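Trainee: Please pick a single part of this structure and take me through it closely. I would like to follow along with the model open.

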Amino acid sequence: MQANPFLGIAIHGVGAFSSASCYTPQKQTKLWSWEIYWITQASCAWLILPIAVAFLTIPDYLAVLRGCPGDAMLRSFLLGVIYGFGGLMFGLGIRYIGFSLNYAIAIGISAGLGTVVPLIWHPTDGFVWKVAEKFSNLPGQIVLAGIVLSLVGISFCGWAGALRERSGGDAPSRYSFRRGIPVAIMAGVLSSLFNFALIAGQPLADAASQLSASDLMKMNAIYPFSNGGAWVTNFVWCAILIGRNRSASEFLSLPGAKVGRLSFYYLMAFLSGAFWYFQFFFYGIGQAYIGKEYEFTSWALHMAMLILFSNVYGVVFQEWKNISRPTRWLLHGGMATIVVATLVIAYGNHLGQHWPN
């Protein structure tokens, strides 16, 4: 298919917006214990929808599985398992250093490692050393400048978030930066492995393509394995918490609430899970339009726009109300830098489509 980097970035934006939206339904499930809500939405995001959409969008998906090497499925699954630990540590980081700073550190590291490291080490092929190859010409250098700009924008947004949380009346004892910073760093490192899980599962997408799957839909063949691994990690952890907290009864009834509200809680959890899943449904489409030469930039684009839309939500929900003018300028500067970075990456991709080899 014909590459169209600007359309690809727009579709990545839809996926990032979906991802940024995935935590909003949680605000409506305050009577549920965290582990009940989390495993319910995770089952939708990482188990039910990936499997259902794979069978709906990939022709003869069972034939794809039969024709794909088993080690590719296993690698994607195991990397997804490790990514699941990253998600759990991300939640712990929020507890220690707050949402914004944790988000900026973890997503910033994930964006950098998930984009650049696969050009050095491939989960299937081992060391590939493609950094010089990808960034040696003018389009590659423009793309690299865009990636660096996106990381700068993410850092500005995180800095603004840290200033907001410190000036918003939170007691200093609420946070433990000594514990939280290492946790956030580890969350970012482990979260970047989701991109490795997708790369390791590429033979599944190739097999789907050989059996007439659309280039826009072929990555759906990977998600039952990459997402399924993450589901296993989260299921085990939530099962431990449910046993420890004796909260299993909340699957059937809400504490001190009418029975009729339980269906609404499940609806909110499934909606949250759908938002999370569809970020990668659109991720696959966006990556197809980015083009083969610089498709590795998809991860950086997705992470940067995730930060952008998360902060847009914060503005809409007045989480940035009454902040100081320097903090506001820092936030707006970071968001503007991310927008510029995505355009720079898009232009580099576009230029690369027509650059002589």
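Mentor: Happy to! Helices here are DSSP runs of H or I with at least four residues, numbered from the N terminus. This is a predicted model, in which local features need pLDDT of at least 70, side-chain atom pairs count only at pLDDT 80 or more, and totals for chains, interfaces and linings use all residues. Residues are numbered from 1 along each chain as its sequence is written, and side-chain values use heavy atoms, leaving out hydrogens and water.

Let's start with helix H1 (residues 5-21) and helix H12 (residues 261-290), whose axes (lines fitted to C-alpha atoms over the stretch in contact) come within 7 Å and cross at roughly 170 degrees. The two are therefore roughly antiparallel, a label for angles over 145 degrees. Contact (heavy atoms within 4.5 Å) involves residues including Leu7, Ile11 and Val14 of H1, and Phe275, Phe278 and Phe282 of H12. By class, the residues of this contact divide into 13 nonpolar, nine polar and no charged; Tyr and Cys count as nonpolar, and Gly as polar.

H12 also helps to line a cavity, meaning a set of points on a 1 Å grid where a 1.4 Å probe fits but cannot get out. The structure holds two cavities of 30 Å³ or more, and the second largest has a volume of about 30 Å³. Cys22, Tyr23, Trp38, Gln41, Ser272 and Trp276 line that second largest cavity, each with an atom within 4 Å of a point. Helix H2 (34-57) and H12 each supply at least two of these residues. The lining divides into four nonpolar, two polar and no charged residues.

Definitions and conventions:
Axes fitted to C-alpha atoms, helices over the stretch in contact; angles between N-to-C directions. Parallel < 35°, antiparallel > 145°, perpendicular 65-115°, else oblique. 1 Å grid on protein atoms, 1.4 Å probe; cavity = no way out; pocket = protein on both sides within 12 Å on 5 of 7 lines; lining within 4 Å. Points joined across faces, edges and corners; volume = space filled by probe spheres on them.
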